[in-house]
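Work through these exercises with the model open beside you. Try each task before reading its solution.

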Amino acid sequence: MSEEGTSLVDLPSPILLQILSTLPPTTLLYVKTVSKSFLNLTLDSEFTKLSRSASPASIIIHQFHSNRTNTLKILKFVVDNFDHDPIVDLDLQLYFPVDPVFLVGSVHGFVCFNYFFGDVDSIYILNPTTREYIILPEPQRVRKWPNLVTYGFGFDPVRFEYKVVRIYQEEIRDDGFRYYKSEAQVYTIGKGYWRSSVEHVMFCFGCRAYGVNLYGKLHWLVYDANGNELICSFNLENELFESFPTAAPGYSKENCPNLRSLGVFGRCLCVCDNNADTHFEVWVMKEYGVTDSWVKQIVITISPESNNWLCYEMINLLKVLDDGEVLFLWRDDFLFLHHPVKKTLKMLDVCKGNFLASSHVSSSLSLKNFEAEVVNVS
């Protein structure tokens, strides 16, 4: 209560949102227990936007070369171009002296990497702004062929917890019939241990794509025992699986799964499909979880004279920019921009060699706010 008789809860919502969006998750957990109005406010979509807007929207690039060097770059987008400051580039060999490491995803300034070789399967969480990082303990159940592993990194907006989800896929053979039984192993940052979910699903998640973080859930394109394509989500609050079909966006069993990818278009799930030899298309699910709400949002005609390089490769949608342009990653080789209205297509000369990329918002949030973690600084 102030001298004027106004308490914090009496402040206008926009001011409260600004204050709460600057707090670390551990403090927010306490604040949420103090007032129901604070709880409702932190679940507000505007709070989510503010908590992600502490710095300009950017793309983080993990560049890996054949000479065993690993570099992390941050690109900030400005009008009709991007800004890259090489001073803030990070040599990941200083943090993780192993090779190879692969970018899993970025959430609120924290970047998740996976290293696997032989029986070793490790996860690192790095904040490029503070130069702090943690190494998670080794999970159980070794990654070994034919069993598969994929990861996801997300944020639970109800409990304000950051979670790494490891999908362990065990191959099952039954009278010549092969399918996968998959389970989720979850690590909550600040808890210090892995735990397995009680639920299993009979889906193959593959081993390449990482989970798409949206609405407090991680999402993957998966295939059931009959070869049908689905979107499988893992709810980060209750830690349960859900699924819904993607048959509407032109899927057929004859399609190559390595030419379809899952992404986020604005605040909607989308599927990029590059199976046709005449065009590349992006389907958007306008209403979450409703199969009938899929619409064909983008079609790029493939011409042998100009852009036949688009053909038959995996393309991932990274971000929709403020002016409506859409940023894509072609395989792991280069970025390109497409404007759906102007019908323009522009390749970006960002870096040489192979790289992965993710939407990213820089943050000064310290990993030291999380208990039970040994924080390293390089």
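**Exercise 1. Find how strands β7 and β8 are joined, and locate the residue opposite Ile 125.**

Solution. This is a predicted model.
Step 1. Take strand β7, residues 120-127, and strand β8, residues 132-135. They run antiparallel, and four bridges join them.
Step 2. Look across from Ile 125. Opposite stands Ile 134, in β8.
Step 3. Recall the general rule. Strands of a sheet pair through backbone hydrogen bonds, in a parallel or an antiparallel way.

**Exercise 2. Place β7 and β8 in their sheet, and name the edge strands.**

Solution.
Step 1. Read the strand order: β5-β6-β7-β8-β26. These five strands make an open sheet, and the pairing is antiparallel.
Step 2. Go to the edges. There stand β5 (101-107) and β26 (376-377). Each has a single partner strand, so one side of each lacks a neighbour in the sheet.

**Exercise 3. Decide what the salt bridge between Arg 143 and Asp 121 ties together, and whether its partners are buried or exposed.**

Solution.
Step 1. Check the distance. The closest N and O atoms of Arg 143 and Asp 121 are 3.3 Å apart. A salt bridge needs a distance within 4 Å.
Step 2. Place the partners. Arg 143 lies in the loop between β8 and β9 (148-156), and Asp 121 lies in strand β7, so the pair ties together parts 22 residues apart in sequence.
Step 3. Compare the accessibilities with the cut-off. Buried means under 20% relative accessible area. Arg 143 is at 15%, so it counts as buried. Asp 121 is at 3%, so it counts as buried too.
Step 4. Set this pair in the whole model. The count comes to 16 salt bridges.

**Exercise 4. Describe the salt bridges of Arg 173 and Arg 195, and find the network.**

Solution.
Step 1. Start with Arg 173. Its side chain meets that of Glu 171 in a salt bridge, at 3.4 Å from N to O. Arg 173 is exposed at 59% relative accessible area, whereas Glu 171 is buried at 14%.
Step 2. Move to Arg 195. It forms a salt bridge with Glu 239, with the closest N and O atoms 2.2 Å apart. Arg 195 lies in strand β12 (residues 194-201) and Glu 239 in the loop between β15 (229-235) and β16 (241-245), so the pair ties together parts that are 44 residues apart in sequence.
Step 3. Add the accessibilities. Arg 195 is partly exposed at 27%. Glu 239 is buried at 14%.
Step 4. Follow the shared partners. Salt bridges join Glu 161, Lys 163, Arg 195 and Glu 239 into one network.

**Exercise 5. Describe the surroundings of Ser 293 and Ser 359.**

Solution.
Step 1. Find Ser 293 in the loop between β19 (279-285) and β20 (294-301). It is buried, with a relative accessible area of 12%.
Step 2. Inspect its side chain. A polar atom there lies 3.0 Å from the backbone oxygen of Glu 287. The backbone oxygen of Val 290 lies 2.7 Å from a polar atom of that side chain.
Step 3. Leave aside neighbours within four places in sequence. Ser 293 is then in contact with Val 284, Met 285, Lys 286 and Glu 287.
Step 4. Turn to Ser 359, in strand β25 (residues 354-360). Ser 359 is partly exposed at 28%.
Step 5. Again set aside neighbours within four places. Ser 359 is in contact with Ser 58, Ile 59, Ser 106, Leu 318 and Lys 319.
Step 6. Take one C-alpha distance. Ser 359 and Val 320 are 39 residues apart in sequence and 9.9 Å apart in space.

Definitions and conventions. Residues numbered from 1 in each chain as written. Predicted model: local features only at pLDDT ≥ 70, side-chain atom pairs only at ≥ 80, totals over all residues. Heavy atoms only, no water. Pairing = 2+ DSSP bridges. Helix = DSSP H or I, 4+ residues; strand = E, 2+ residues; numbered from the N terminus. Buried < 20%, exposed > 50% of the residue type's maximum accessible area, 1.4 Å probe, protein only. Polar contact = N/O pair within 3.5 Å; in protein donor to acceptor, adjacent residues only side chain to side chain. Contact = heavy atoms within 4.5 Å.
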